[in-house]
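Please open the model in the viewer and keep the selection panel at hand. The tour below proceeds stop by stop, naming what to select and then what is found there.

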Amino acid sequence: MTLLEQLFDGKLPRLAMFDLDGTLMDSVPDLAAAVDKMLMLLGREPAGIAQVRDWVGNGSRVLVRRALAGGLEHEGVAYELADEALALFMQAYAGGHELTTVYPGVRECLDWLREREVKLAIITNKPAQFIEPLLEEKGLTGYFQWLVGGDTLPQQKPDPAALLYVMDKADVVPEESLFVGDSRNDVRAAKAAAVPCVALTYGYNHGESIADEQPALVVDDLRELVASVSGLR
C-alpha cells in the first residue's frame with residue numbers, strides 16, 4: 001500500500017494533475033534571470049533569485065508587476081508600464097531554460113503512474129507557449145495528455161476552471177482525480193474543484209508553510225507518494 005492508494009481508499013486515481021513550476025521543476029533561476037534582465041532594460045536594479053522565489057506562482061503578468069513594485073503587493077503599478085515590462089520579460093525568458101532543473105523523484109513518480117495507466121496532465125499559470133518546449137528540453141515529454149497554461153482559459157488558479165476543464169476532457173469525476181502542487185493557489189484550486197490535493201514542501205508558497213492550507217497530504221518528495229514499505233513498486 002502506498003500513500004497515494006491510502007488517499008484513495010486502496011485504489012488509484014484515474015487522473016493525476018500536476019502544477020509545473022515549484023512542483024515538477026525548479027524554474028526560479030531562469031525566471032529570476034529574465035526578471036533581472038527586464039528590470040535592467042528599464043533602468044532598475046535587479047531583484048535576485050531570493051525575491052523572485054517569493055513572487056512566483058500567479059503567472060507571468062503578476063510576477064512582472066511584483067518585480068516592478070518590489071514586493072508581493074503590486075496594485076500601484078501602472079498598466080502601461082506593466083505591459084512594456086511583460087513584453088521584455090517574455091522575450092528574455094524565451095531565450096533559454098538551462099538553469100531550470102527537474103526536482104528529485106519527479107521522473108520516478110511519473111513513471112510509476114504511467115505504468116499503471118493513470119492519466120496525467122499539467123495545469124500551470126505559466127504561459128502555454130513555454131510548457132511544451134520546457135518539457136522537451138528537460139526530458140519530460142510523453143507523460144502528459146493535457147497541458148493547460150495560464151492563458152489557455154480566461155481563469156487562472158486558484159480558480160478551479162482548469163481542473164474542471166481537464167476532468168471533463170478526461171471524463172473523470174473529482175473523486176477519481178488528484179491534484180499535486182506546491183502553493184496556496186494549487187491547494188485552493190483543488191479544494192474549489194473538490195479534488196484531493198497533495199502539496200509539496202519544497203516549492204514556491206510566498207515564504208509560508210504549505211501545510212497551513214490544509215491539503216489532503218503533504219510530502220517532501222514525490223517518491224513518498226508512490227513508495228511502499230519495500231520502496232518503489
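Begin with strand 4 (residues 119-123) and strand 5 (146-148). In this predicted model, the two strands run parallel and are joined by three bridges. To see the register, select Ala-121 together with Trp-146 of strand 5, which stands opposite.

Keep Ala-121 displayed and add strand 1 (residues 15-18). Strand 1 is parallel to strand 4, and four bridges connect them. Here Met-17 is the residue that faces Ala-121 of strand 4.

Next, add strand 6 (177-181). Strand 6 pairs with strand 1, again in the parallel sense and over four bridges. Met-17 has Phe-179 as its bridge partner in strand 6.

Stay with strand 1 and show its side chains. In a regular strand the side chains alternate between the two faces of the sheet. Are the residues on the two faces of strand 1 buried or exposed? Leu-15 and Met-17 on one side, and Ala-16 and Phe-18 on the other, are all buried, so that both faces of the strand are covered.

Now select the whole sheet. What is the order of its strands? The sheet is open and has six strands in the order 5-4-1-6-7-8, with parallel pairing. Strand 5 and strand 8 stand at the edges; each has a single partner strand, so one side of each lacks a neighbour in the sheet. From one strand to the next, the twist averages 20°.

Move to helix 9 (residues 184-192). Its buried residues are Arg-184, Asn-185, Asp-186, Val-187, Ala-189 and Ala-190. To see what covers them, display helix 8 (161-170), strand 6 and strand 7, which are among the covering elements. Just after helix 9, select Ala-194, where phi is positive at about 60°.

Return to helix 9 and select Arg-188 with Glu-213. Their side chains form a salt bridge with an N to O distance of 3.0 Å. This pair links distant parts of the chain, 25 residues apart: Arg-188 belongs to helix 9, whereas Glu-213 lies in the loop between strand 7 (197-200) and strand 8 (217-219). Glu-213 is buried at 14% relative accessibility, while Arg-188 is partly exposed at 40%.

Continue with the other charged pairs. Side chains of opposite charge can pair when their charged atoms come close. How many salt bridges are counted? The count is 13 salt bridges.

One of them joins Arg-223 and Asp-221, with the closest N and O atoms 2.8 Å apart. Arg-223 is partly exposed, having a relative accessible area of 30%, and Asp-221 is buried at 16%. Then select Asp-19, Lys-157 and Asp-186 together: salt bridges with shared partners join these residues into one network. Asp-186 was met above among the buried residues of helix 9.

For a further pair, select Glu-115 and Arg-116, whose side chains meet in a salt bridge at 3.5 Å, N to O. Glu-115 is exposed, with a relative accessible area of 60%; Arg-116 is partly exposed, at 29%.

The next stop is His-97, in the loop between helix 5 (79-93) and strand 3 (101-102). The residue is buried, with 5% relative accessibility. Display its contacts: leaving aside residues up to four places away in sequence, His-97 touches Asp-30, Phe-130, Leu-134, Glu-137 and Lys-138.

Finish with the cysteines, selecting Cys-109 and Cys-197. How many disulfides does a search of the whole structure find? The search returns zero. Why is Cys-109 not bonded to Cys-197? The closest cysteine sulfur to that of Cys-109 is the one in Cys-197, and at 13 Å the separation is too far for a bond, given that a disulfide requires the two sulfur atoms to be within 2.5 Å. Seen from Cys-197, the nearest cysteine sulfur is likewise that of Cys-109, and Cys-197 is in no disulfide. Cys-109 is buried, with a relative accessible area of 0%, and Cys-197 also counts as buried, at 3%.

Notes
Residues numbered from 1 in each chain as written. Predicted model: local features only at pLDDT ≥ 70, side-chain atom pairs only at ≥ 80, totals over all residues. Heavy atoms only, no water. Buried < 20%, exposed > 50% of the residue type's maximum accessible area, 1.4 Å probe, protein only. Salt bridge = Lys/Arg side-chain N within 4 Å of Asp/Glu carboxyl O. Contact = heavy atoms within 4.5 Å. Pairing = 2+ DSSP bridges. Axes fitted to C-alpha atoms, helices over the stretch in contact; angles between N-to-C directions.
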